[in-house]
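Q: I'm new to this one and would like to learn how to read it. Could you walk me through it, feature by feature?

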Amino acid sequence: ALLNDGKYGIDVLGGDLRLSLLKGGTHPDPRGDAGSHPMVYSLLPHTGAFSAAGVILPAYELNVAPLTVVGPESAPASLVRVDVPNVIVESVKWAEDEDALILRLYEAEKSTTVARLEFGVPVKAVAEVNLLEEEPEELGLEGSSLLVPFRPFQIKTLKLTLARS
């Protein structure tokens with residue numbers, strides 16, 4: 001696999017891998033690609049077919065720098081854990097209109113799967129919402145975990161209402 005930090009494109013022709021590093025457009029700004037351009041790319045040999053664990057995880061590790069936050073010793077080790085490698089937590093953010101967390105996840109291997117999400121914080125309720133965080137459909141929380149079915153390449157947005165202590 002050819003990993004990179006978000007360049008314009010990759011193509012494969014026969015035994016050649018090619019990576020477009022610069023777009024080179026001159027309109028509307030003729031100086032658009034002038035100057036120095038830092039780039040990160042990596043060739044990742046792997047055995048077997050494409051997989052989330054073998055390719056997508058290393059790509060995230062290349063592109064997303066670790067973030068360390070000092071907190072209380074009682075802080076959870078993780079906000080959420082997913083038990084299958086092909087379901088990726090893409091983003092976590094505060095909800096737009098209420099005091100809740102939004103998780104956006106996707107299935108990355110073209111597989112139908114059921115993922116168990118294990119929450120590291122007290123969660124009172126979970127609802128699946130659309131991308132605009134509307135039309136909630138309550139999901140059955142089992143203690144601190146939840147089973148979520150995914151179709152191939154499906155994106156899901158979950159709204160977590162946190163339990164207040």
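A: Sure. Let's begin with a term: a residue is called buried under 20% relative accessible area, exposed over 50%, and partly exposed in between. Keep in mind that this is a predicted model.

Q: With that cut-off, does Glu 96 count as buried or exposed?
A: Glu 96 has 60% relative accessibility, so it counts as exposed. Lys 93, at 27%, is partly exposed.

Q: How do I read a salt bridge, and which residue does Glu 96 form one with?
A: Here's the general idea: side chains of opposite charge can pair when their charged atoms come close. In this model, Glu 96 forms a salt bridge with Lys 93, and their closest N and O atoms are 2.9 Å apart.

Q: Which residues are linked with Lys 93 in a network of salt bridges?
A: The network links Lys 93 with Glu 96 and Glu 133. Between Lys 93 and Glu 133, the closest N and O atoms are 2.7 Å apart. Lys 93 sits in strand S6 and Glu 133 in the loop between S9 and S10, so this pair ties together parts that are 40 residues apart in sequence. As for Glu 133, its relative accessible area is 16%, so it is buried.

Q: How many salt bridges does a search of the whole structure find?
A: It finds 8. One more to look at is Arg 164 with Asp 99, at 2.2 Å from N to O. Arg 164 is in the segment after S12 and Asp 99 in the loop between S6 and S7, so parts 65 residues apart in sequence are tied together. Both of these residues are exposed.

Q: Now the strands. How do I read a sheet, and what is the order of the strands in the open sheet?
A: In general, strands of a sheet pair through backbone hydrogen bonds, either parallel or antiparallel. Here, 5 strands run in the order S6-S7-S12-S9-S10, with antiparallel pairing. S6 and S10 are at the edges with a single partner strand each, so each has one side without a neighbour in the sheet. On average, neighbouring strands are turned by 30° against each other, direction ignored.

Q: How many residues lie between S6 and S7 in their hairpin?
A: There are 6 residues between them. S6 and S7 pair over 7 bridges, and Ser 91 stands opposite Arg 104 in S7. S7 also pairs with S12, over 6 bridges, where Leu 105 stands opposite Lys 156.

Q: Is Lys 156 buried or exposed?
A: Its relative accessible area is 7%, so Lys 156 is buried. Its side chain reaches the backbone oxygen of Pro 149 at 2.9 Å. Beyond its neighbours within four places in sequence, Lys 156 is in contact with several residues, including Leu 103, Glu 128 and Phe 150.

Q: What about a helix: which residues of H1 are buried?
A: A general point helps: an α-helix has 3.6 residues a turn, so residues three or four places apart point the same way. In H1 (residues 52–63), the buried ones are Ala 52, Val 55, Ile 56 and Pro 58. What covers them includes strands S1, S6 and S7.

Q: And a loop residue: where is Pro 136?
A: Pro 136 is in the loop between S9 and S10. With 52% relative accessibility, it counts as exposed. Leaving out residues up to four places away in sequence, Pro 136 touches Ala 127, Glu 128 and Val 129.

Conventions:
Residues numbered from 1 in each chain as written. Predicted model: local features only at pLDDT ≥ 70, side-chain atom pairs only at ≥ 80, totals over all residues. Heavy atoms only, no water. Buried < 20%, exposed > 50% of the residue type's maximum accessible area, 1.4 Å probe, protein only. Polar contact = N/O pair within 3.5 Å; in protein donor to acceptor, adjacent residues only side chain to side chain. Contact = heavy atoms within 4.5 Å. Helix = DSSP H or I, 4+ residues; strand = E, 2+ residues; numbered from the N terminus. Pairing = 2+ DSSP bridges. Axes fitted to C-alpha atoms, helices over the stretch in contact; angles between N-to-C directions. Salt bridge = Lys/Arg side-chain N within 4 Å of Asp/Glu carboxyl O.
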